Amino acid sequence: MKNCLFVFISLLVFLLPSCQSNTPSQRRVVAVDTVFTQAVVEAHSNWYRKLERHVFSLDLYSQGLVLHGDTLTGTGTNLYFSDIFLDTLATRLQEREGEYKVDSSANVRTALSAMTFEGDVTGTYLLLIADGALQKMYTFPSGTFTLQQLGDTSVMEFHLRTADQQTYDATYRGVLTDK
């Protein structure tokens, strides 16, 4: 009887690990609109007086979403970067092509990661809007985006990550409108 029990336990020890799936785990993604049709850039100059940086915000909207004053109307997605840090010679975001990193360093060519400041969310986040009402918000503490200028046309690719490691990829191709 002891031999049978030993054989049974031995078989379990060796066979159970082989039951695990060998397929790679699926990438978790934020499944919403990934193409933006409008983009607005606002220059805040030397907003952070202690930093030698110029600061810009970037607001991107998908088809069907419109900003009227301070109110979003329609249905779609809004990707927002509250603070993009550039050198003090930059007068427009469009002047600085290349890759930008989303983090909390405030270094040149970074965008502020999502955080709560004085009770409000700021940094990098995505809003899902339906009929003018907020349905869901995703915040992004990390990621990258690139900016390339082709004449007056800006081409941007976004690769962002939530705190729970969901990925969000999006694109924009069009004019960056200065506010």
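These legends describe close-up views of a predicted model.

**View 1. The main nonpolar core.** The largest nonpolar core of this structure has 29 residues. Leu58, Leu79, Phe81 and Phe158 have the most contacts inside this core. Many strands feed into it: S2, S3 (54–61), S6 (76–86), S7 (98–103), S11 (124–130), S13 (142–150), S14 (153–161) and S15 (167–174) each supply at least two residues. Strand S6 gives the most, with four residues. In soluble globular proteins, nonpolar side chains tend to be buried together.

**View 2. The surroundings of Phe81.** Residues up to four places away in sequence are not counted here. Phe81 touches Phe56, Ser57, Leu58 and Leu60. Phe81 also touches Val102, Ala111, Gly123 and Thr124. Phe145, Phe158 and Leu160 complete the list of its contacts.

**View 3. A second core.** Seven residues form a second core, separate from the main one. Among them are Tyr61, Leu65, Leu72 and Tyr125.

**View 4. A salt-bridge network around Arg96.** The structure holds four salt bridges. Two of them appear in this view. Arg96 meets Asp87 in a salt bridge, with 2.8 Å from N to O. Arg96 also pairs with Glu95, at 3.9 Å from N to O. Salt bridges with shared partners join Asp87, Glu95 and Arg96 into one network. Arg96 counts as buried because its relative accessible area is 18%, under the 20% cut-off. Asp87 is partly exposed, at 23% relative accessibility. Glu95 is partly exposed too, with a relative accessible area of 35%.

**View 5. A salt bridge between distant parts of the chain.** Lys179 forms a salt bridge with Glu42. Their closest N and O atoms are 3.8 Å apart. Lys179 lies in the segment after strand S16 (177–178), while Glu42 sits in strand S2 (residues 38–43). The two residues are 137 residues apart in the chain. Lys179 is exposed, because its relative accessibility of 64% is over the 50% cut-off. Glu42 is partly exposed, with a relative accessible area of 27%.

**View 6. A nonpolar patch on the surface.** Val121, Leu134 and Met137 form this patch. Together they have about 240 Å² of accessible area. Leu134 belongs to strand S12 (residues 133–139). Leu134 has a relative accessible area of 51%, so this residue counts as exposed.

Methods:
Residues numbered from 1 in each chain as written. Predicted model: local features only at pLDDT ≥ 70, side-chain atom pairs only at ≥ 80, totals over all residues. Heavy atoms only, no water. Patch = residues over 30% accessible without salt bridge, like charges linked within 9 Å, V, L, I, M, F, W, Y side chains within 5 Å. Areas by Shrake-Rupley, 256 points an atom, 1.4 Å probe, with all protein chains shown as cover. Salt bridge = Lys/Arg side-chain N within 4 Å of Asp/Glu carboxyl O. Buried < 20%, exposed > 50% of the residue type's maximum accessible area, 1.4 Å probe, protein only. Core = buried A, V, L, I, M, F, W, Y, C linked by side-chain atoms within 4.5 Å. Contact = heavy atoms within 4.5 Å.
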